[in-house]
Every structure is written in structure tokens, then in C-alpha cells.
Amino acid sequence: MRSLTCSAIALSLMAGSASAHNGHSKDDDQKTGIESPVDNAKVEAFDIVFTHAHTNGNIVTFHMTTNGIAGSETPEPVGELGGAPAYAYVWPTSLDPSTVGFDEGAGILALAAAVHPDFDDTPLFDENRDGDASNDGQTWHSHWVVLSPTEACGPGAFAVKDIPEGTQPNLPATWPGLPILLDSPGFTPLFEGPEVKINVAFPLGLDVSDMSYDGVTAALRVNANIHSPLFCVTDVFDIASGDLSLPGRLNQDGTRAER
Ligand SMILES: [Ca+2]
Ligand SMILES: [Ca+2]
Ligand SMILES: [Ca+2]
């Protein structure tokens, strides 16, 4: 029994030491990630100061560090879908949308951690664990979205791309059924102090090592009449690169990167 306990302690020590030393180094994160200035004029929780991503086999972990407490701000509900606001931490990527099941060339594929208290768009997931899969919009959750410049949302504004009536684009298996190019893959956003991160699984064998990314904090709003464009980006709080040039690269120096 004693030796078993000792082994367990030794194992846990080894695990502790592994998590302290394995995987990507902070130095390499600095080289491959995107540093952004603090701006005290911005809402702290959306003021991006560092964005990075690293790989562990087929898992890519996307990080964003803010000047405040990530995830601490949520929009005021309006009580209905029309005009419903959302806040999001967004990682636009260079990946083709077909990587996750949308049509090739459909737009800019972006990962997002989002919250929108007026509606649920994760019909397969019960994020607040109350036994109801249709009432979780107020809990941060993840999306893949396909963004495109959409003048109807305002000059230079982006929207989550609509699915025009009568068309049948390719969609991921976890598409939640809304008429927009949005997927609810179920990856849990993880919040810790100033940081939000999402562990994203890609198909085994798919090489995403060349991908680049950026970081954006934004507000979105459902069209008041629930017409197209359905889901506009209404405010961009911060852009990690300042110009959406997607300068972030994957840190791949670790084979057992921490998640
Ligand atoms: Ca900033
Ligand atoms: Ca749900
Ligand atoms: Ca629920």
C-alpha cells in the first residue's frame, strides 16, 4: 500500500513537472503570437494584449490575453431574437472554410467564443448543465463562423455569412440550423483571469501547420427584423494586429504541448 501511494505521488510529481516543462515555450509563443498594446480607452475585458496559438497533434489551442478579466462582460439581453446582442472573442484564420465542413472559399473562417443571453444556438450541448440543451446562450460557448464583408451591416462591416434561401451549401454536422454559416462544434472556451482559450480538434491527419490567425474582440447583433443579413458585426473593440493581417503563426515546437 505504501509503495502504491509512493508511486502515485511520484507519478503526480512527474505529471506536474511535465506540465511545467512540456510543450511550447513562452519564448516561442512570443515569436509566433501577436503582441498588442494596452489601450486604457478600451473596455479592459476586450482590450487584447496577446494572441497566440499552438499545436498538440491534431489539437490547436487558441489563446487571447486581455487587459482585464476575460469573459467578465456580457451584453444586456433584449428579451427576443430580433436585435439580440452578442459579445465574442474571435480568431480569424487563414484556413479555408472547407477545413471544418463549409464550402471551399466561402469566406473568412473564424473561431469564436461567444455569449448572447437572448438565444441558444448550441442545440447539441447543455453548457449550463440544467438538463435543457436550448437555454445556454448566456454561457460562453464556441463557434466556427464564416465572415464576409457585408455593406448592409455598415461601411466596411462584416457579417456571419447568410445562407440564401433556396441554396444548399455544405455545412458541418454540428451546424445548429440557423440560416447562416455558423457551426457549434462544442469546444468549451476556458477562462482564467485575463485569458480565454479554446482547444480545437481538427481531423486526424489534416495538416493545419501553415495556418495564420489574428485576434478580434467584437459585438454582434441579430437583425431586428430577423432578415438578412442576419448577424452583423456591429462593434469591433480591438484587433490584435491592428489591421487584420493575420500575422500569428502556430507554435509547433512542442510535441506534448499543455492544453
Ligand atoms: Ca489592445
Ligand atoms: Ca444549448
Ligand atoms: Ca441548458
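Three exercises on a predicted model follow, each with a worked solution.

Residues are numbered from 1 along each chain as its sequence is written, and chains are lettered from A, ligands numbered from 1, in the order in which they are written. In this predicted model, local features need pLDDT of at least 70, side-chain atom pairs count only at pLDDT 80 or more, and totals for chains, interfaces and linings use all residues.

**Exercise 1.** State where pLDDT (the predictor's confidence in each residue, from 0 to 100) stays under 50.

Solution. Start with the average: it is 90, and 88% of the residues score at least 70. Then take residues 1-22, where pLDDT stays under 50. The model has 5 contacts beyond four places in sequence for this stretch, a contact being two residues whose C-beta atoms, placed from the backbone, lie within 7 Å. Residues 254-259 also stay under 50, with 21 such contacts.

**Exercise 2.** Determine whether strand β6 is largely enclosed or not.

Solution. Strands are DSSP runs of E, at least two residues, numbered from the N terminus. A residue is buried if 20 or more other C-beta atoms, placed from the backbone, lie within 10 Å of its own. In β6 (residues 141-149), 7 of the 9 residues are buried, so the strand is largely enclosed by the rest of the structure.

**Exercise 3.** Find the strands that pair with β6 (at least two DSSP bridges between them).

Solution. First, β5 (residues 108-115) runs antiparallel to β6, joined by 7 bridges; A112 stands opposite H143. Next, β7 (residues 158-160) pairs antiparallel over 3 bridges, with S148 opposite A159. Last, β8 (residues 182-183) pairs antiparallel over 2 bridges, where L182 partners V145.

Methods: Buried ≥ 20, exposed ≤ 12 C-beta atoms within 10 Å, placed from the backbone. Helix = DSSP H or I, 4+ residues; strand = E, 2+ residues; numbered from the N terminus.
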